[in-house]
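User: I have a structure open in front of me and would like a close look at one part of it. Please start with the whole chain and then go to the strand I name.
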Amino acid sequence: MGSRAPAAIVLTLALVLAAAGCAGPAASTGAGAASQPGSSRGLGQGGTPSPGGTLSPGSAPGTDGGPGTGGGPGTGTGRGTGTGTASPVSQVCGPPAAPGQLTSIRAADGVRLAAAAAGAGRRGVVLIPELGPRGKCGWWDFAVYLARHGYHVLLFDHRCTGESMCPRGQAANELMPDIQGAVAWLRQHGAAQVALVGASQGGSEALIAAARPPRGVAGVAALSADELTTPLASRPYPGTAVRAAARLRLPALFAVARADPYVSVPATRHLFARAGSRHKQLIVLGDQAGHGWDLVSAGFTGGTRPALRGAVLAFLHGITS
């Protein structure tokens, strides 16, 4: 395992909006920034952690198609929505046009789940979806980005959503077997270490799963984790994200935008403080960064690279190298 971030680092992002077509107020920085009311969303520019612990605009290493890409089907060029070889996944999910495959996996309890994969190699990432009709496709843009940087990425539809099966006599929120099955699929296809990355409710699911991680799971990233006190799992897992945080021991990254309409910065700070991980990071983004997978989606920012992409990539490199 490679180097990890120092314990309890709190990163803040200053998102500088482009002058043409996306002007707006710059986000304030500082570890004590409070959440802002409202749900306005806008465009941001990319950036990566500077030595001082902040994200500076326009300095992301590992931009789309740049150095660090691994071999296998995930490589390619292009930025933003990107151009490349169309695949069955891009035909279903839309841009970017990039290599990928549609597949199906079995949850740990045998339920058949619709899934898609991109990239190849010994470093794996399971992308856990938000609620809503987009399902796995909401992750496609970020999955392509990760695949181009050497990761084998799996995105899936939870049971009872999309084309996944819905077992009779079982609660639709019995979600941990789905995540277990996704990790197992990546390991069966060559991934030695796997990171869990979840958005919105998927972020809370990722934290719960990481509190009792399957073999091979190296860390967890929760983007705008919400539904923090909603029961999302049954025993032997902690039922909620808040309960899971105290049992968390894996390296963890938490991220939230100041104007997120679904989860507040104070709630995320509380979750971060409860996390039992020795190595953990909290990133607070500007007002217009969005929610969940919007934080890393070039589709949300109109083709520019969101600042958080570089930070998540650096975190993944640290825990899976």
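What percentage of the 321 residues of the protein chain count as buried? After that, please look closely at strand E6: which of its residues lie on one side and which on the other?

Analyst: Happy to! This is a predicted model, so local features need pLDDT of at least 70 and side-chain atom pairs count only at pLDDT 80 or more, while totals for chains, interfaces and linings use all residues. Residues are numbered from 1 along each chain as its sequence is written, and side-chain values use heavy atoms, with hydrogens and water left out.

Of the 321 residues of the protein chain, 56% count as buried. Buried means under 20% relative accessible area, exposed means over 50%, and partly exposed is in between (1.4 Å probe, protein chains only). The chain has 7 helices and 11 strands; these are DSSP runs numbered from the N terminus, helices being H or I with at least four residues and strands E with at least two.

Now to your strand. E6 covers residues 123-128, and 6 of its 6 residues are buried, so the rest of the structure largely encloses it. On one side sit Arg123, Val125 and Leu127; on the other are Gly124, Val126 and Ile128. Both faces are therefore covered, with every one of these residues buried. As background, side chains in a regular strand alternate between the two faces of the sheet.

E6 also has strand partners, where pairing requires at least two DSSP bridges between the strands. With E8 (residues 193-199), E6 pairs in the parallel sense over 6 bridges, and Arg123 stands opposite Gln193 there. With E7, the pairing is again parallel, over 4 bridges, and Val125 stands opposite Val153. Between E6 and E7 the chain passes through helix H2 (residues 140-147), making a right-handed β-α-β crossover. Right-handed means that, with the strands pointing away from the viewer, the path from the first strand over the helix to the second runs clockwise.

Following the chain past E7 (152-156) brings you to Asp157, in the loop between that strand and helix H3 (176-188). Asp157 counts as buried because its relative accessibility is 6%. Leaving aside neighbours within four places in sequence, Asp157 is in contact (heavy atoms within 4.5 Å) with Leu113, Ala114, Gly135, Lys136, Gly162, Glu163 and Ser164.
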